[in-house]
Amino acid sequence: MNRVMLIGRFTAKPELKYTGSNVPYTRFTIAVNRQFNNQDGNRDADFINIVAWRKQAEVICNYFDKGNQIAVEGRIQTGSYDAQDGSKRYTTDVVLDTFHFIESKNARNNANNETPYDYQEPTYEDAPTEINVEDDPFADFGDSVSIDDNFLD
């Protein structure tokens with residue numbers, strides 16, 4: 001079984017790219033806190049590379065930014081390539097199957113202003129008002145998930 005579930009924060013704004021056959025995709029990295037403190041008493045993070053395809057890539061690029069929190073589920077995929085210097089390089093990525101918004105844009109902005117965290121249901125003001133259910137990646141999403149930031153610490 002090859003299943004991965006992660007909750008982390010974007011290290012940069014994801015960028016939408018296209019393959020030679022015009023299939024949209026994005027590659028991004030999330031920082032995932034470890035569950036224990038290091039010798040200095042701080043939490044280290046692991047930086048995990050994620051790849052998303054098609055409609056999911058488009059939605060991620062439209063609605064997520066650096067620092068936003070995301071929950072992802074997928075599978076690990078390894079690969080290799082020859083670098084320009086002739087050395088062999090190895091890659092490990094999580095290929096995204098599903099993802100979930102963890103916090104609203106308003107909650108993230110409040111956190112940046114150092115106001116107390118007060119969870120609100122996401123409003124997604126920028127989201128389209130009419131969505132074709134066949135194109136909606138969240139059609140079977142169900143209820144929202146609320147995870148307190150302290151859960152990760």
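**Exercise 1. How many salt bridges does the structure hold, and which residues does Arg-3 join in a network?**

Solution. Begin with the total: this model, which is predicted, holds 7 salt bridges. Next, take the pair formed by Arg-3 and Glu-73, whose closest N and O atoms are 3.0 Å apart. These two partners come from distant parts of the chain, since Arg-3 lies in the segment before E1 while Glu-73 belongs to strand E5, 70 residues apart. Now consider how open each partner is: Arg-3 counts as partly exposed because its relative accessibility is 40%, and Glu-73 also counts as partly exposed, because its relative accessibility is 27%. As a last step, look at the side chains of Glu-58 and Lys-55, which meet in a salt bridge of 4.0 Å from N to O. Glu-58 and Lys-55 are 3 residues apart in helix H1, so about one helical turn separates them. Turning to the network, Arg-3, Glu-73 and Asp-97 are joined into one by salt bridges that share partners.

**Exercise 2. Is Asp-93 buried or exposed, and with which residue does Asp-93 form a salt bridge?**

Solution. First, place the residue: Asp-93 is found in strand E6. Second, compare its accessibility with the cut-off, which calls a residue buried when its relative accessible area is under 20%; Asp-93 has 9% relative accessibility and therefore counts as buried. Third, search for a charged partner, bearing in mind that side chains of opposite charge can pair when their charged atoms come close. The partner of Asp-93 is Arg-27, and the closest N and O atoms of this salt bridge are 3.1 Å apart. The pair links distant parts of the chain, with Asp-93 in strand E6 and Arg-27 in strand E3, 66 residues apart. Unlike the buried Asp-93, Arg-27 is partly exposed, because its relative accessible area is 48%. Finally, list the surroundings: leaving out residues up to four places away in sequence, Asp-93 touches Arg-27, Asn-49, Val-51, Arg-75, Ile-76 and Gln-77.

**Exercise 3. Which residues touch the most other members of the largest nonpolar core, and which element gives the most to this core?**

Solution. Start with the membership: the largest nonpolar core has 18 residues, and Leu-6, Ile-30, Ile-50, Ile-60, Val-72 and Phe-99 are the ones that touch the most other members. Then ask where the core comes from: at least two of its residues are supplied by each of the strands E1, E3, E4, E5 and E6, and by helix H1. Strand E6 gives the most to this core, namely 4 residues. To see one member in detail, take Ile-60, which, apart from its neighbours within four places in sequence, is in contact with Phe-10, Pro-14, Thr-26, Phe-28, Ala-52, Leu-96 and Phe-99.

**Exercise 4. In which sense does E6 pair with E4, and in which sense with E5?**

Solution. Consider E4 first: E4 and E6 pair in the parallel sense over 2 bridges, and Ile-50 stands opposite Val-94 in E6. Turn next to E5, which pairs with E6 in the antiparallel sense over 13 bridges; here Val-72 stands opposite Phe-99 in E6. To finish, examine the connection between these two strands: E5 and E6 form a hairpin with 5 residues between them, and Gly-86 in the turn has a positive phi of about 90°.

Note on methods. Residues are numbered from 1 along each chain as its sequence is written. This is a predicted model: local features need pLDDT of at least 70, side-chain atom pairs count only at pLDDT 80 or more; totals for chains, interfaces and linings use all residues. Side-chain values use heavy atoms; hydrogens and water are left out. A nonpolar core is a set of buried Ala, Val, Leu, Ile, Met, Phe, Trp, Tyr and Cys residues joined through side-chain atoms within 4.5 Å. Buried means under 20% relative accessible area, exposed over 50%, partly exposed in between (1.4 Å probe, protein chains only). Contact means heavy atoms within 4.5 Å. Two strands pair if DSSP finds at least two bridges between them.
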